[in-house]
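Welcome! Here is a short briefing to help you find your way around a new structure. Please have a look at it before reading on.

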Amino acid sequence: MEDGPDTLPADVDAVRAALIEWYETDHRSYPWRETEDPYEILVSEVMSQQTQLDRVVEAWHAFLDEWPTAEALAEADRAAVVGFWTDHSLGYNNRAKYLHEAARQVRDEHDGEFPRTPDGLQELMGVGPYTANAVASFAFNNGDAVVDTNVKRVLYRAFSELHDKEEPPYQHIADELLPKGRSRVWNNAIMELGAVACGKTPRCDEAGCPWREWCDAYDTGDFTAPDVPTQPSFEGSRRQFRGRVVRALNEYGELPIDELGPRIRVDYSPDGEYGRAWLRSLLEDLSDEGMVQLTERDGAVIARLQR
DNA sequence: TTCCGGTGAT
DNA sequence: ATCACCGGAA
């Protein structure tokens with residue numbers, strides 16, 4: 001007796017075929033769906049993790065225009081890559097650093113060739129389980145099932161037995177649904193479903209969801225989604241000021257700490273509550289992360305983006 | 001004002 | 001296990 005299939009509909013093959021047909025009949029068009037280059041796919045995935053897709057399209061073209069290959073990116077100054085991220089408002093600039101580092105790993109540790117398996121890809125900086133499976137699938141048709149929050153939401157609604165579990169076995173269910181050897185089309189399709197038909201507010205009929213005849217949520221009307229942890233507000237947060245630091249250094253090249261301060265917050269005064277000591281600790285963190293380079297000149301701290 | 005999310009650090 | 005990380009859009 002296997003321990004998984006009993007949680008799936010008896011006609012798994014029909015479920016698979018319905019989703020693939022739905023996807024292939026009509027889906028949104030994105031340029032990274034037209035390439036099998038693992039570098040181009042990786043860039044699109046890292047950008048897509050944090051930014052609305054319509055904004056990613058423009059940034060993706062511009063990034064590849066600037067650094068067309070992993071080799072080119074590996075040779076770039078980190079300051080240029082982080083600066084690009086900031087100029088295009090791509091969020092978490094740590095990801096620019098990871099992407100840069102991953103390109104160097106491909107060059108230095110993999111003879112310039114991308115790993116072709118999820119496990120190999122996951123060794124790259126900034127590439128976790130999700131991105132590894134996405135790149136393996138879309139570049140090499142060689143991935144396992146991707147599980148991101150969109151996929152979790154789809155599975156949680158379609159298979160209501162997941163509601164009872166303390167830790168729902170999303171990866172297990174997703175792996176069993178995936179038709180072997182078809183990870184490229186399958187992972188595209190199930191994420192398209194989560195984005196187009198099964199978003200936070202479901203659009204089952206409007207989007208012609210192919211799973212309506214099997215879906216527990218469509219059957220019962222309970223479209224509950226898995227809980228997502230709440231976040232502290234961005235306004236006034238430390239990461240807001242980090243973002244301002246990177247933006248200012250990208251604009252001015254380098255700045256002494258007391259000239260940087262007023263550009264970070266209007267109430268900056270060197271000896272105030274949010275003064276030199278506060279900014280110094282922010283900069284030390286950014287320096288420890290390899291984002292910012294600190295030098296001392298005439299007793300004053302000078303900051304600039306790490307090359 | 002709240003929402004959104006994959007990864008790495010600890 | 002929990003937390004920090006970004007900024008546009010809803």
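A good place to begin is Ser-89, where a polar side-chain atom lies 3.0 Å from a phosphate oxygen of DNA strand C. Keep in mind that this is a predicted model. The notes below look at the DNA contacts, then the nonpolar core, then the confidence of the prediction.

**Around DNA strand C**
- There are 14 residues around DNA strand C, and those that come nearest are Ser-89, Tyr-92, Asn-93, Arg-239 and Arg-242.
- In the side chain of Asn-93, an N or O atom is 2.6 Å from a phosphate oxygen of DNA strand C.
- Tyr-92 uses its backbone: a polar atom there is 3.1 Å from a sugar or linking oxygen of the strand.
- Helix α13, residues 238-252, gives the most to this surface, with 5 residues.
- By class, the surface near the strand has 7 polar, 5 charged and 2 nonpolar residues.
- Sugar or phosphate accounts for 57% of the atoms of DNA strand C within 4 Å of the protein, and bases make up the rest.

**The largest nonpolar core**
- This core has 99 residues, and Met-47, Phe-63, Leu-155, Leu-177, Trp-211, Leu-260 and Leu-279 touch the most other members.
- Helix α8, residues 129-140, gives the most to the core, with 8 residues.
- Beyond its neighbours within four places in sequence, Leu-177 is in contact with several residues, including Leu-8, Phe-159, Trp-186 and Trp-211.

**Confidence**
- Chain A has an average pLDDT of 91, and 98% of its residues score at least 70.
- Over residues 1-6, pLDDT stays under 50.
- Where pLDDT is low, predicted coordinates should not be read in detail.

Terms used. Residues are numbered from 1 along each chain as its sequence is written. Chains are lettered from A and ligands numbered from 1 in the order in which they are written. This is a predicted model: local features need pLDDT of at least 70, side-chain atom pairs count only at pLDDT 80 or more; totals for chains, interfaces and linings use all residues. Side-chain values use heavy atoms; hydrogens and water are left out. A residue is near a molecule or strand if one of its heavy atoms lies within 4 Å of it. A polar contact is a pair of N or O atoms within 3.5 Å; within protein, one must be able to donate a hydrogen and the other to accept it, and residues adjacent in sequence count only if both atoms are side-chain atoms. Helices (H or I, at least four residues) and strands (E, at least two) are DSSP runs, numbered from the N terminus. Ala, Val, Leu, Ile, Met, Phe, Trp, Tyr, Cys and Pro count as nonpolar, Asp, Glu, Lys and Arg as charged, and the others, Gly among them, as polar. pLDDT is the predictor's confidence in each residue, from 0 to 100. Contact means heavy atoms within 4.5 Å. A nonpolar core is a set of buried Ala, Val, Leu, Ile, Met, Phe, Trp, Tyr and Cys residues joined through side-chain atoms within 4.5 Å. Buried means under 20% relative accessible area, exposed over 50%, partly exposed in between (1.4 Å probe, protein chains only).
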